[in-house]
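Here are a few notes for someone opening this entry for the first time. Please read them with the structure in view.

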Amino acid sequence: MKPLAHVGKALAHDSAALHVSGAAVYIDDIAEIEGTLHVAPGFAKEGAKGKILSINLAAAQAAEGVVAVLTAQDIPGKNDCSPVAGDDPIFANGKIEFHGQVIFAVVAKTRDAARRAARLAVIEIEKQKPDVTVADALASNGDLLPPYAFTSKGVVAALKNSTHRHAGQLKIGGQEQFYLEGQVAYAIPQEKGGMFVHSSTQHPTEIQHCVAAMLGIDDAQVICQCRRMGGAFGGKESQAAQWAAIAALAAHITGHPVKCRLDRDDDMMLTGKRHDFEATYEVGLDKSLRIAAVDVLLAARCGYSADLSAAICDRTMFHADNAYFYPQYKIATRRLKTNTISNTAFRGFGGPQGMVFAEAMMESIAIQHGCDALELRKKNLYTKQRNTTPYGQKIDEHLVGKIMATLEKTSSYQKRRKDNAKFNAKSSILKKGLALTPVKFGISFTNTMMNQAGALVHVYGDGSVHLNHGGTEMGQGLYQKVAQVVAEVFGIGVDKITITATRTDKVPNTSPTAASSGSDLNGMAARNAAMAIKARMAEVAGRQHGVHPSKVTFWDGQVSAKTKSSSFAALATACKGARVSLSATGYYSTPAIHWDRATGRGHPFFYFAYGASCSEVLVDTLTGEMKVSRVDILHDVGHSLNPAIDIGQIEGGFVQGMGWVTTEELVFDAEGRLRTHAPSTYKIPCASDVPEDFRVALYESKGNKADTIYRSKAVGEPPLMLPISVWCAVMNAIASLKPGTVPKLDAPATPEAIMRAVKSLGVK
Ligand code: MTE
Ligand code: HPA
Ligand code: MOS
């Protein structure tokens, strides 16, 4: 194969210079059209569940600068912004189901005036006791969605007959996405009742559809555009819709352009987060400590409505094995209704919670049996013989064992284990912990229908290229990667390609940019579009030079046939002259995947992304303070489309996941109010939390076994699960206080959780 000129190069993100100079245009930076108004959502100060007895908006209406006050009654079409189930009212009507549920909105001349006026509303709620915790939900609201399980026939017998048995319980916390750019939308009324909406969304098509249904107009009358998001992390897959709908409603009613930009505290209170879970499990092992059977119940707090919870909890089940073979299994989920904000997508989409369970189980077994956790993990990996997942997909690429073995060496795991044992024997309060854990993450939307994408490519007469596709840019570098793909196809520099904003009128009927599949799907769609144009251009060049089109090559800005060559630009001009179209759409849908939820069998993932990490921590068992002293990562991205971007994704994903399992704690009070709605109380990692010794390497891949775009692998979400090794290392450190006893440690391992775990050991 000819070497690649653009794909695989560590080029900077297309907006890197704009990001760091402040010149990148986010929605709030778009020059406001004259007459632009601002809308702010309003909610009841008290109450999380109950009938709305009265809404008095007179004071808000009369406030300085207020233009209009909107409620459910003002919506001409459908009062819903849900992604699936039709159960998320844009404005609560009759009752509220969580604290902060939006009941009305104020449109004013300034954002400040709108927000101040929104506070003047007097809303009376017939307050009922909300269900806040898993226990509350089990006792009262119950299931929001039907329970679902993967169950093998022999699980009960296998558990009963196993040599060793081990039971455990674990709380796994939620997580706030904390994108830097909050939720924002800017709606501009169009002729004949149409609407143009700039939205910071991973899913422009859904914004288009939601706004059209809300206004009671055709999808074709609404355009949604997104040039870039200042981070999304799943928090803008479904959760951007409400604010776009409110902005569009305000624009429709006032006839002015209207912007809706949430305040940070409101953003945290009014938008969904990662699901928190409670896991209860029993595992049976044979005498060599191979798992014989696993029985786990994962109970999720879904919040008040379905949102994406069905698919998210399914993904938790798909990842409750992580990289391990369970010969017999019952992997059950409950999807509980709580009177809290509806939980939603967050990097990993439920997968991380399943994997924390698997790794907590592994760490606990190792502690209980006094064996090395890495040995135990290796012994239980999928192999060529033991290769069937609990959902029937066979693992055909056995990389994770190799990755772990390499990392074991490069991180000096064995030596450091010994050194730590010596250190811990002498140090009574400070304890070191070390853990090496694998990641196996399934790539594809588990809703097979969603695995499709489209692109639109134009070549202009001067040989410059306009690139558009259905994927959205949230900082992950998708636009840059797809541009490199198109540059490769045409054999021209990336500088000749103009990357343009995602718009529903350019590429329709798109899936959200999610499930890490952005470059897999849109890269292929754009490649297909470019290939179609290239074929037409090759025809023209072939005619010019008297060769078969297949003999024409595109390389380094030149188009060559035998000894003759011309520039790509000259050929583009010639094509225009010859009346040959230089514009094409491209389309791609992932082959070979299928999933039958009714039987719980299928092949839902096109392939798996793999990685492993080794983390060392130092824990102060007197105060609960903890420091991550060193991290080694080896991660597989196949043939990288752009190694600089991929390493950035690995580093960022790791640190974000580390925050999830160590410091980020969402606290709801008994009244269902989120008490941690700002960075003052909700602790995301900051620059100084990045491990001092942080060694990230890409696995030397022979290329993805699956036929993906240039044999690359998705990288967006998998690295978030690498830092599960940090949590396991904390377990390892605490367990050194009393070998053989499993500390009761929940996730996140905050100082308080660490102190509780130390206390659970009953040592002085
Ligand atoms: N990286 C940055 N910088 N910002 C983000 O919001 N989102 C993550 C991941 N990496 C995110 C990110 C999530 S949740 C997903 S699904 C993928 O990027 C989506 O993009 P991709 O499919 O192009 O990888
Ligand atoms: N991942 C992310 N987002 C999704 C998925 C998924 O598997 N399914 C539906 N939305
Ligand atoms: Mo990512 S949680 O699939 O948006």
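1. A word on classes before the ligand. Ala, Val, Leu, Ile, Met, Phe, Trp, Tyr, Cys and Pro count as nonpolar; Asp, Glu, Lys and Arg count as charged; the others, Gly among them, count as polar. On that scheme, the shell around ligand 1 holds six nonpolar, ten polar and two charged residues. Keep in mind that this is a predicted model.

2. Where does ligand 1 sit? It occupies the largest pocket. There are 18 residues around ligand 1, and those that come nearest are Ala 232, Phe 233, Met 474, Gly 518 and Gln 649.

3. Which residues place polar atoms by the oxygen atoms of ligand 1? Gly 518 does so through a backbone N or O atom, 2.7 Å from an oxygen of the ligand. Ser 517 also uses a backbone N or O atom, here at 3.2 Å from a ligand oxygen. Gln 476 uses its side chain: a polar atom there lies 3.0 Å from an oxygen of ligand 1. How much of the ligand does the protein bury? Ligand 1 taken alone exposes 520 Å², and the protein buries 92% of that.

4. Now the salt bridges. A search of the whole structure gives 36 of them. One pairs Glu 32 with Lys 259, with 2.7 Å between the closest N and O atoms. This pair links distant parts of the chain, 227 residues apart. Glu 32 lies in the loop between helix 1 (16-21) and strand 1 (37-43), while Lys 259 belongs to strand 12 (residues 258-261).

Conventions:
Residues numbered from 1 in each chain as written. Chains lettered and ligands numbered in written order. Predicted model: local features only at pLDDT ≥ 70, side-chain atom pairs only at ≥ 80, totals over all residues. Heavy atoms only, no water. Near = heavy atom within 4 Å. Polar contact = N/O pair within 3.5 Å; in protein donor to acceptor, adjacent residues only side chain to side chain. Areas by Shrake-Rupley, 256 points an atom, 1.4 Å probe, with all protein chains shown as cover. 1 Å grid on protein atoms, 1.4 Å probe; cavity = no way out; pocket = protein on both sides within 12 Å on 5 of 7 lines; lining within 4 Å. Sits in = over half its atoms within 2 Å of the grid points. Salt bridge = Lys/Arg side-chain N within 4 Å of Asp/Glu carboxyl O. Helix = DSSP H or I, 4+ residues; strand = E, 2+ residues; numbered from the N terminus.
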